[in-house]
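Here are some exercises to work through with the structure on your screen. Try each task before you read its solution.

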Amino acid sequence: MSALSLRDLNKSFGGNAVLNGVSLDVEAGEFIALVGPSGCGKSTLLRILAGLDHADSGEIFVAGKDMSAVAAADRNIAMVFQSYALYPHLTAGQNIAVPLAMKRLSRTQRLPLVGSALPGQKEIRAGISRDVREMATVLKIDHLLDRKPGQMSGGQRQRVALARAMVRRPSIFLMDEPLSNLDANLRVHARGEIVELHRRAGVPTLYVTHDQAEALSMADRVAVMIGGSLLQLAAPEAIYNDPAHIEVARFVGQPR
Ligand code: ADP
Ligand code: MG
């Protein structure tokens with residue numbers, strides 16, 4: 001059974017077909033890079049998987065379970081965006097704690113996120129705090145936990161966003177161009193860190209990028225999407241040495 005299975009997903013916006021029968025399997029522990037030109041439907045696909053939007057037709061299975069009736073919050077699919085979307089008024093530690101608080105505390109128990117606990121909440125809060133510190137250590141951001149996003153660099157914010165996504169141990173990890181706001185040096189460094197994190201955590205990952213060097217250096221397999229259709233899914237070297245389609249050849253043949 002695949003960790004994630006997409007079956008014939010279709011999506012249109014106002015009569016424009018954006019996804020045309022996309023089918024894809026992500027296996028346990030696998031890192032797949034999804035590449036393709038701007039506007040080909042990559043972000044739309046990820047948003048549908050995360051439950052932030054709905055397909056017009058098709059099916060999504062996570063470890064064999066049909067997600068069609070499962071709300072976004074219950075899918076246990078984590079997503080990191082290009083913009084990171086951290087809460088500006090919360091510290092890094094509080095940002096990382098949010099998904100755990102949502103999962104472990106009831107609505108009325110969630111506030112304040114950190115600090116004076118309601119009666120009976122001490123142990124849950126201590127557990128949350130311990131998990132936040134553990135994840136911070138993995139991502140080497142222990143020293144940033146009391147800072148707000150405005151007091152951090154782009155690279156630091158990116159790590160906090162990764163920590164927040166990973167802390168609830170998702171069954172699938174989706175990343176939508178998570179490095180595109182970083183400068184070139186940081187980007188190369190961050191690639192290695194994400195791959196390392198993937199090796200340690202083993203969470204099946206679908207990683208969207210328009211940067212072919214990223215796809216080539218990070219992924220077990222590369223999926224090429226052109227105009228809403230998945231044209232090839234293969235090991236990086238197979239995509240580059242033996243493109244299955246003229247449009248794939250055109251896309252990977254572009255100067256990098
Ligand atoms: P990519 O991430 O590959 O650059 P997107 O998935 O963002 O592509 O967009 C695919 C196409 O769908 C684009 O033509 C975009 O304009 C269109 N699109 C995306 N979201 C919406 C929306 N909410 N409403 C209308 N059109 C949209
Ligand atoms: Mg996009």
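Before starting, one definition: helices and strands are DSSP runs, numbered from the N terminus, where a helix has at least four residues and a strand at least two. Keep in mind also that this is a predicted model.

**Exercise 1. Describe the overall build of the protein chain.**

Step 1: Begin with secondary structure; the protein chain has eight helices and 10 strands.
Step 2: Next, test how compact the chain is. Its radius of gyration is 19 Å, close to the 18 Å that the globule rule gives for 256 residues, so the chain is as compact as a globular protein of that length.
Step 3: Look at the extent of the C-alpha trace, which spans about 65 × 40 × 35 Å along its principal axes.
Step 4: Finish with burial and contacts. Of the 256 residues, 38% are buried. Taking contacts between residues at least 6 apart in sequence, 67% join residues at least 24 apart.

**Exercise 2. Find N76 and A63, and work out whether each is buried, exposed or partly exposed.**

Step 1: Locate them. N76 sits in the loop between strand 5 and strand 6 (77-80), while A63 lies in the loop between strand 4 (57-62) and strand 5 (65-66).
Step 2: Check the backbone. Phi of N76 is positive, near 55 degrees, although N76 is a residue other than glycine. A63 is not a glycine either, and has a positive phi of about 45 degrees.
Step 3: Recall the cut-offs: 20 or more other C-beta atoms within 10 Å means buried, 12 or fewer means exposed, and in between means partly exposed.
Step 4: Apply them. N76 has 14 C-beta neighbours inside 10 Å, so N76 is partly exposed. A63 has 14 other C-beta atoms within 10 Å and is therefore partly exposed.

**Exercise 3. Explore the surroundings of F31.**

Step 1: Find F31 in strand 3 (residues 31-35).
Step 2: Count neighbours: F31 has 21 C-beta neighbours inside 10 Å, so F31 is buried.
Step 3: List its contacts, leaving out residues up to four places away in sequence; F31 touches H198, T205, Y207, M218, A219 and D220.
Step 4: Compare sequence with space. F31 and R221 are 190 residues apart in sequence, and their C-alpha atoms are 6.8 Å apart.

**Exercise 4. Which residues are around ligand 1, and how do they divide by class?**

Step 1: Pick out the shell: F13, V18, G36, S38, G39, C40, G41, K42, S43 and T44.
Step 2: Sort by class, giving three nonpolar, six polar and one charged residues.
Step 3: Trace the source. Helix 1 (residues 42-50) gives the largest share of this shell, three residues.

Key. Residues numbered from 1 in each chain as written. Chains lettered and ligands numbered in written order. Predicted model: local features only at pLDDT ≥ 70, side-chain atom pairs only at ≥ 80, totals over all residues. Near = placed C-beta within 6 Å. Nonpolar A, V, L, I, M, F, W, Y, C, P; charged D, E, K, R; others polar. Rg over C-alpha atoms; globule rule 2.2 N^0.38 Å. Contact = placed C-beta atoms within 7 Å.
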